[in-house]
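Good morning, colleagues. Please look at the sequence and the model on the screen while I go through them.

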Amino acid sequence: PIELPAAQHSMLMHCCMKRVCYGCFLALHRREMEKTCAFCRTPTPDSDAAKLSLVQKRVDAKDPVATALLADAYYNGDYVLQQDISRAIELWTEAANLGNLNAHFRLVTDTANGKLSRRTWIGAFHIGSTLQFKAIHNQDMG
C-alpha cells in the first residue's frame with residue numbers, strides 16, 4: 001500500500017491513471033525500465049502534449065480519474081491548456097456522475113468558496129446525494 005497522503009509518496013501514470021509508489025518507481029529505475037509504466041508497460045510520455053493525449057484517451061473511455069484530472073487541468077490551465085472554468089465544471093460533473101468523489105468534492109468546495117454558480121452547487125449536491133444513496137443501498141443489499 002502507498003503511504004498517506006498518497007500524492008506525496010507516489011506519482012500518477014497518465015497512461016492508465018494508476019498511482020505508482022516511489023519505491024516501485026525506484027525498482028523500475030534499477031532495472032533500467034524507468035521510461036515505462038509499472039502497470040501497463042506503456043512508454044512514459046516526455047511532454048505535456050503527450051501526457052494530455054494519454055489522459056484524453058482515458059477520458060474517452062469514461063475513466064472517472066482521468067476525467068477529474070482533465071477538469072483540474074482546465075481549471076488550472078495545465079498541460080498546455082488554456083484555463084476554462086466552465087469546461088472544468090462540465091468535466092467535474094461528468095467525473096462525479098461516473099463515481100469520482102474527488103470531483104464531487106471539488107464542485108462543492110469551489111462553490112463554498114464562491115467560485116461556482118448556485119446551479120452548479122445544486123447539481124453537485126444532487127450528484128452527491130445520488131452517490132451516497134447508491135452506496136447506502138449497496139451496503140444494505142450486500
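Arg41 sits in the loop between helix 1 (22-30) and helix 2 (48-60); helices here are DSSP runs of H or I with at least four residues, strands are runs of E with at least two, and both are numbered from the N terminus. This is a predicted model, in which local features need pLDDT of at least 70 and side-chain atom pairs count only at pLDDT 80 or more, while totals for chains, interfaces and linings use all residues. Residues are numbered from 1 along each chain as its sequence is written, and side-chain values use heavy atoms, with hydrogens and water left out.

What is the sign of phi at Arg41, which is not a glycine? Its phi is positive, at about 60°. Most residues other than glycine have a negative phi. Arg41 has a relative accessible area of 44% and is therefore partly exposed, a class that lies between buried, under 20%, and exposed, over 50%, with a 1.4 Å probe and protein chains only. Val80 also has a positive phi of about 60° although it is not a glycine. Val80 belongs to the loop between helix 3 and helix 4 (85-97), and because its relative accessibility is 64%, it counts as exposed.

Let me turn to the chain as a whole. It has six helices and two strands, and their order along the sequence is β-β-α-α-α-α-α-α. Of its 142 residues, 30% count as buried. The exposed area of the chain is about 9200 Å², with 54% supplied by carbon and sulfur atoms; accessible areas come from the Shrake-Rupley method with a 1.4 Å probe, and for residues only the protein chains shown count as cover.

Next, strand 2 (residues 19-21), where Val20 lies. Is Val20 buried or exposed? With a relative accessible area of 2%, Val20 is buried. Outside its neighbours within four places in sequence, Val20 is in contact (heavy atoms within 4.5 Å) with Ser10, Met11, Met13, Phe25, Ala38 and Phe39. Ala6, in the segment before strand 1 (10-12), is partly exposed at 23%. Its C-alpha atom is 9.5 Å from that of Val20, and the two residues are 14 apart along the chain.

I come now to the cysteines. How many disulfides does the structure hold? It holds zero, a disulfide being a pair of cysteine sulfur atoms within 2.5 Å. For Cys16, which is in no disulfide, the nearest cysteine sulfur is that of Cys37, 3.6 Å away. Cys16 counts as buried because its relative accessibility is 14%. Why is Cys40 not bonded to Cys15? The closest cysteine sulfur to that of Cys40 is in Cys15, and the separation of 3.4 Å is too far for a bond. Cys40 is partly exposed, with a relative accessible area of 34%.

Finally, the largest pocket. A pocket is an open set of points, on a 1 Å grid over the protein atoms alone, where a 1.4 Å probe fits, with protein on both sides within 12 Å along at least five of seven lines; lining residues have an atom within 4 Å of a point. The volume of the largest pocket is about 330 Å³, a volume being the space filled by probe spheres set on the points, which are joined across faces, edges and corners. Its lining has 14 residues, and those closest to the centre are Arg19, Val65, Asp72, Asn100 and Asn102. Helix 3 (64-76) and helix 5 (101-112) are the elements that give two or more residues to this lining.
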